[in-house]
Amino acid sequence: MGAAAPRPGHALAGIGFLVAATACFAVLDTAVKVVGAVVSVLLALWFRYAFHAVVVTAVMLPIRGRSLVRTEHPRYQALRGVLLLSVSLMSFVAVQYMPVGEFTAIVMVTPLAVTLLAALFLRERVTVLRWLLVAGGFAGALLVVRPGGGFLGWAALIPLALVFIYAWFQILTAKMARTEDPMTMHFYTGWVGTLVASLVLPLVWQAVPDARTLALLCLIGLMGTVGHFLLILAFQRAPASAIAPFLYTQIGFAMFCGWVVYDHVPGTLELTGMGLIVLCGATASWLTAREKRLPVEPPEA
């Protein structure tokens, strides 16, 4: 993920940081689902990015100084921020209509979508094994969605569309990571998202009804910010190929959160689809990271 080379002997620490990051993102998605029943998801979206921007600036600007804001590609920084904001908006909406575990599993098809887009638009060579993994992962997503089964309905189209937007975000991140500092990208992600979300904030502004809702909004911002910091630490301490398969622990955390908060357990078909996504996606992510072609990051809202 970052420009710094992984430090030898820290693979276990990298795995630990990555697993902790996926737990943060699962808690974030669950908190979004809970708070979305009380306030507008656009308000929650603004709060998530504003918290991110303020905390990153307050912590990192005194340490990095002007180097934190120095970038060779301001337009790409803006585009990357808008892409991630779009992903966040779609995910905030999607979790209002579907269980967090199933949503996370579908979004975990992203590394396979990256392979597909890289082959179609970037003319990258894709082996037969990779095509089989892509087919298997999307078959797993269909088992979770169950078209025509009446389980998720139209809401399932949101994470499927999100997958391809997030895949473009990953590809752009790969290109930028060659010259940009990861903390600088982290800084611009927060501020671009905050500024764009602020444009619509007056249209959806509402008073936070109680202390519980305020605490949940703070939790959303905290989990998103801390999760990204943990990602940076993980990729600084271990090779991506060593930690890529552990990205899929996020599905387990999301299912656990869904069980604790909503007493929801996926059915047999959904669990089968999730297993297929994990098998194909983890293998593809490991291959991608090992070949150092494109970045591998867990989805976050």
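At what angle do helix α1 and helix α9 pack, and how far apart are their axes? Helix α1 (residues 11-35) and helix α9 (residues 211-237) pack at about 155 degrees, and their axes are 8 Å apart. Axes here are lines fitted to C-alpha atoms, for helices over the stretch in contact, and angles run from 0 to 180 degrees between N-to-C directions. The pair α1 and α9 is therefore roughly antiparallel, a term for angles over 145 degrees. The crossing of α1 and α9 is left-handed, that is, the near helix is turned anticlockwise from the far one by less than a right angle, whereas a clockwise turn is right-handed.

The model is predicted, with local features requiring pLDDT of at least 70 and side-chain atom pairs pLDDT 80 or more, while totals for chains, interfaces and linings use all residues. Residues are numbered from 1 along each chain as its sequence is written, and side-chain values use heavy atoms, with hydrogens and water left out.

The protein has 12 helices and zero strands; helices (H or I, at least four residues) and strands (E, at least two) are DSSP runs, numbered from the N terminus. The mean pLDDT, the predictor's confidence in each residue from 0 to 100, is 83, and 87% of residues reach 70 or more. Over residues 1-9 the pLDDT is below 50, and this stretch has 20 contacts in the model beyond near neighbours in sequence. Contact means heavy atoms within 4.5 Å. Among contacts between residues at least 6 apart in sequence, 91% join residues at least 24 apart. Of the 301 residues, 52% are buried, meaning under 20% relative accessible area, with exposed over 50% and partly exposed in between (1.4 Å probe, protein chains only).

Helix α8 (residues 182-204) takes part in two further packings. With α9, α8 forms an angle of about 165 degrees at an axis separation of 11 Å, which makes the two roughly antiparallel. This crossing of α8 and α9 is right-handed. Pro182, Met183 and His186 of α8 meet Thr225, His228, Phe229 and Ile232 of α9.

Helix α2 (residues 41-64) packs against α8 at about 145 degrees, with axes 8 Å apart. The crossing of α2 and α8 is left-handed. Residues making this contact include Trp46, Tyr49, Ala50 and Ala53 of α2 and Gly190, Gly193, Thr194 and Ala197 of α8.

Which residues does Thr194 touch, not counting those up to four places away in sequence? Thr194 touches Trp46, Tyr49, Ala50 and Ala53. A polar atom of the Thr194 side chain lies 3.3 Å from the backbone nitrogen of Ala50. Thr194 is buried because its relative accessibility is 7%.

Another buried position is found in helix α5 (residues 110-121), where Ala119 is placed. Ala119 counts as buried because its relative accessible area is 13%. The C-alpha atoms of Ala119 and Trp131 are 9.9 Å apart, and the two residues are separated by 12 places in sequence.

Asp263 lies in the loop between α11 (249-262) and α12 (268-291). Its relative accessibility is 62%, so Asp263 counts as exposed. Although not a glycine, Asp263 has a positive phi of about 55 degrees. Most residues other than glycine have a negative phi.

Notes
A polar contact is a pair of N or O atoms within 3.5 Å; within protein, one must be able to donate a hydrogen and the other to accept it, and residues adjacent in sequence count only if both atoms are side-chain atoms. Angles under 35 degrees count as roughly parallel, over 145 as roughly antiparallel, 65 to 115 as roughly perpendicular and the rest as oblique.
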